[in-house]
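Visitor: I would like to learn how to read the features of a protein model. Could you take me through one, step by step?

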Amino acid sequence: MTAWLSVVGIGEDGYAGLGKAARRALLAAGCIVGAPRQLALLPHCLGAQREAWPSPFSLEPVLARRGTPVCVLASGDPLFYGVGASLARQVAAEEMQVFSAPSSVSLAAARLGWPLQEVTVLSLVARPLAALQAQLFPGARLLLLSNDGDSPAAVAELLRERGFGPSRLTVLEHLGGDQERRIDGLAADWALPRAADLNLLAIDCAAGADARLLPLTPGLRDDLYQHDGQLTKRDVRAITLARLAPQPGELLWDVGAGCGSIGIEWMRAHPGCRALAIEADAGRQVHIQHNRDALGVPGLQLVAGRAPEALAGLAAPDAIFIGGGVTVPGMLEHCWASLKPGGRLVANAVTLQSEAALVAWREQVGGELTRISVAQAQPLGGFDTWRSALPITLLEVRKP
């Protein structure tokens, strides 16, 4: 099919900053769709009908005109956190042509002298601020697409709470336009109450003496989690995550999630990893919600209910962790039936009864049993001795 949809990236410099091909696409369009701010940048001589995006936002005004010449206005590079990316999921590549302008990220890197390949980019547009928690490391350079003018102050507050007050912040407003402005300061004493709604925030991360540092490896310290004692301890957690072997884009079921530690560290392994935490206890659900935000994975989805009944209708997982409840009738059978072919199931047992259930299940489906025993040195009078935690029996099995 001949391309009927043109997506034109337009910057703060407006129509004058567009190339010839982008201008020809606008001239040929029967309808131009965009945000009111973008439509206002076009000259009156363009004869096409102009239409603002509906509220709430929907692609329907564009998709309904399939096959007729339509032009969509987008900010900067349309395929970089832009409407072009949403359209590309709905429209075949041969049906659309994209004319990119420099993205705000490219312009910001040019202003700051930061090599883009050394920078982490994060969008806060209609996304939880808590996602920033997973990106804070000493020496990291971050470029944040702000949600609105309140974002810089909110980010500065989060940095102070994490002990990253010495971090240098730079707000870049209206990049590439006549109103471009730059504001610099430290998170510790950030005083700008509100920036322009159209802004990008740069962070040169620096940790203070009290900074709470989160390593990239699995097995976070136990005291980083809010819990009621229902917690897979860090050494066992690290071993469990290694057996679950997360891959980008994969979905985990964390069944009987407790405080959500396995699902949280699964998602921290890669930004594309997804997880569902299934938990029936209301108090533990609160712990999960707190922990997922504090540890930078607000996308962890909480499923309130008791397994296996609560598992009905959920998206098929690539991996399943069962931290408790292996003796519940139908639990192992339901999880095994739901698991995708080639998926991994890891279950931990502490009691003799749950261990017996895993041994019996292994006789049916195979897999590898491992006994994990961890001891820590602790005081005994004027000396030290080894104090052993309860041993864990771990079953790992891969579905054919």
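Guide: Gladly! Let us begin with a lining: its residues can be sorted by class, and for the largest pocket the split is 22 nonpolar, 16 polar and eight charged. Keep in mind that this is a predicted model.

Visitor: How do I read the largest pocket itself, and what is its volume?

Guide: The general idea first: rolling a probe the size of a water molecule over the atoms shows where empty space is left. In this structure, the largest pocket has a volume of about 1400 Å³.

Visitor: Which residues lie nearest the centre of the largest pocket?

Guide: Look for Arg37, Gln38, Ser75, Tyr81 and Gly82; the lining as a whole has 46 residues. Several elements each give at least two residues to that lining, including helix H2 (36–39), strand S4 (70–75) and helix H4 (83–88). Strand S10 (199–204) is another one of these contributors.

Visitor: And what should I look at in the second largest pocket?

Guide: Its volume is about 1000 Å³. A lining of 49 residues surrounds the second largest pocket, with Gln230, Leu231, Thr232, Gly323 and Val350 nearest the centre. Among the elements that each supply at least two lining residues are helix H7 (234–244), strand S11 (251–255) and strand S15 (344–349). By class, this lining holds 21 nonpolar, 18 polar and ten charged residues.

Visitor: Does a record help me place any of this along the chain?

Guide: UniProt, in an unreviewed entry, lists residues 5–188 as "domain: Tetrapyrrole methylase". In the model, the C-alpha atoms at the two ends of residues 5–188 are 47 Å apart, and the span is 23% helix and 24% strand.

Visitor: Let me turn to cysteines. How many disulfides are found?

Guide: Zero, in a search of the whole structure. Here the idea is to check distances between sulfur atoms, with 2.5 Å as the cut-off. Cysteine 45 has its closest cysteine sulfur in cysteine 71, and that is 14 Å away, so the two are too far apart for a bond. Cysteine 259 is in no disulfide either, its nearest cysteine sulfur being that of cysteine 273, 19 Å away.

Visitor: Is cysteine 45 buried or exposed?

Guide: Cysteine 45 counts as exposed because its relative accessibility is 65%, and the cut-off for that class is over 50%. Cysteine 259, at 1% relative accessibility, counts as buried.

Visitor: Next, salt bridges. How many are there?

Guide: The count comes to 18. To read one, find the closest N and O atoms of the pair: for glutamate 51 and arginine 65 they are 2.8 Å apart. Glutamate 51 is in strand S3 (residues 49–52) and arginine 65 is in the loop between helix H3 (60–63) and S4, so this pair ties together parts 14 residues apart in sequence.

Visitor: Which side chain meets glutamate 95 in a salt bridge?

Guide: That of arginine 66, at 3.2 Å from N to O. This pair links distant parts of the chain, 29 residues apart: glutamate 95 sits in the loop between H4 and strand S5 (96–99), and arginine 66 in the loop between H3 and S4. Glutamate 95 is buried, at 8% relative accessible area, whereas arginine 66 is partly exposed, at 40%.

Visitor: What other salt bridges could I practise on?

Guide: Try arginine 181 with glutamate 173, whose closest N and O atoms are 2.9 Å apart. Arginine 181 is partly exposed, at 42% relative accessible area, while glutamate 173 is buried, at 4%. Then look at Asp150, Arg194 and Asp197, which are linked in a network of salt bridges.

Note on methods: Residues numbered from 1 in each chain as written. Predicted model: local features only at pLDDT ≥ 70, side-chain atom pairs only at ≥ 80, totals over all residues. Heavy atoms only, no water. UniProt positions renumbered as here; feature names shortened; annotations may be inferred. Helix = DSSP H or I, 4+ residues; strand = E, 2+ residues; numbered from the N terminus. 1 Å grid on protein atoms, 1.4 Å probe; cavity = no way out; pocket = protein on both sides within 12 Å on 5 of 7 lines; lining within 4 Å. Points joined across faces, edges and corners; volume = space filled by probe spheres on them. Nonpolar A, V, L, I, M, F, W, Y, C, P; charged D, E, K, R; others polar. Buried < 20%, exposed > 50% of the residue type's maximum accessible area, 1.4 Å probe, protein only. Salt bridge = Lys/Arg side-chain N within 4 Å of Asp/Glu carboxyl O.
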